[in-house]
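I opened the notebook to look up two things here: enclosed space and strand pairing. My notes follow in the order I took them.

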Amino acid sequence: MRISVAIDGPAGAGKSTIAKLVGNEFNLMYINTGAMYRAVALKANEKGLVPSDVNKICDLISTMEMHFENDDLILNGENIQDKITLPEISNIVSSYASISEVRVKLVKLQRDMSNKFDVIMDGRDIGTVVLKNSNFKFFLTATAEERANRRYKELQLRNIECSYDDILKDIIDRDYKDTHREVDPLKKADDAIEVDTTGLNISEVTEKINSYIRQKIKA
Ligand code: C5P
């Protein structure tokens with residue numbers, strides 16, 4: 001039987017860092033679904049497509065072959081991980097992610113991956129939609145200020161110019177859009193375990209999740 005682990009939560013809650021570590025522990029393929037929505041936003045934006053160009057965006061997605069190598073997103077053979085994590089993509093991605101036709105296409109790609117491999121996926125609708133039947137669901141949270149601070153430090157390490165205030169604003173805006181959109185809004189699945197990561201370090205959060213998974217596997 002396939003194992004699938006779902007990790008949801010708002011922007012900057014530490015989902016990807018934690019998902020990679022938990023994935024290593026249990027030998028799961030890490031699927032960063034946010035990267036897939038970011039790739040759509042990047043390519044649509046490069047082609048001058050705005051979110052109301054729904055049909056053209058859907059045609060564009062049909063030409064996009066996406067897979068992950070060493071946790072990086074490879075799009076049609078090109079590693080686009082650095083490009084899609086720039087602040088300008090963070091600012092626009094939620095508008096493309098709220099298009100229901102886009103979600104249908106990406107959810108199908110994500111489910112196909114989970115049918116082929118044991119996966120750990122992070123995103124906004126993993127426990128509620130993509131891996132609805134998963135036995136392992138987690139919802140990570142932290143205050144907006146702590147999440148902005150983590151993103152700010154991460155971008156500084158990559159020498160990307162940014163201001164803490166702009167990042168905090170982006171996080172608050174995206175939280176609002178992601179939780180208020182009509183299709184598959186960000187929300188905790190009823191059967192997900194909530195982990196508030198405020199004030200916890202990476203290994204404390206990882207160990208919490210690992211031990212829940214071990215306990216469930218044993219049971
Ligand atoms: O996880 P990350 O912050 O990279 O996600 C970028 C954006 O992609 C989110 O703010 C959200 O709008 C969208 N997203 C989504 N559903 C997912 C993953 C991400 O709508 N499963």
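I started with the kinds of residue around the largest cavity: its lining divides into five nonpolar, one polar and four charged residues. The model is a predicted one, and I read the entries below with that in mind.

Next I wrote down the names. The lining of the largest cavity consists of Ala6, Asp8, Gly127, Lys137, Phe138, Phe139, Lys187, Lys188, Ala189 and Ala192. I then checked which elements give two or more residues to this lining, and found strand 1 (4-8) and strand 7 (136-141). Strand 7 gives the most, with three residues.

I also looked up the volume, which is about 40 Å³ for the largest cavity. How many cavities of 30 Å³ or more are there? I noted one at that cut-off.

I turned to strand pairing. One open sheet has three strands in the order 3-4-5, and the pairing is antiparallel. I noted strand 3 (66-69) and strand 5 (78-79) as the edge strands, since each pairs on one side only.

I then looked at how strand 4 is joined to strand 5. Strand 4 covers residues 72-75, and two bridges join strand 4 to strand 5, with the two running antiparallel. Which residue of strand 5 is the bridge partner of Ile74? I found Asn79 in that position.

Last entry, for cross-reference: strand 7 is the element to look at for the cavity lining, as it gives the most residues to it, and strand 5 is the edge strand to look at for the bridge between Ile74 and Asn79.

Terms used:
Residues are numbered from 1 along each chain as its sequence is written. This is a predicted model: local features need pLDDT of at least 70, side-chain atom pairs count only at pLDDT 80 or more; totals for chains, interfaces and linings use all residues. Side-chain values use heavy atoms; hydrogens and water are left out. Two strands pair if DSSP finds at least two bridges between them. Helices (H or I, at least four residues) and strands (E, at least two) are DSSP runs, numbered from the N terminus. On a 1 Å grid over the protein atoms alone, a cavity is a set of points where a 1.4 Å probe fits but cannot get out, and a pocket is an open set with protein on both sides within 12 Å along at least five of seven lines; lining residues have an atom within 4 Å of a point. Grid points are joined across faces, edges and corners, and a volume is the space filled by probe spheres set on the points. Ala, Val, Leu, Ile, Met, Phe, Trp, Tyr, Cys and Pro count as nonpolar, Asp, Glu, Lys and Arg as charged, and the others, Gly among them, as polar.
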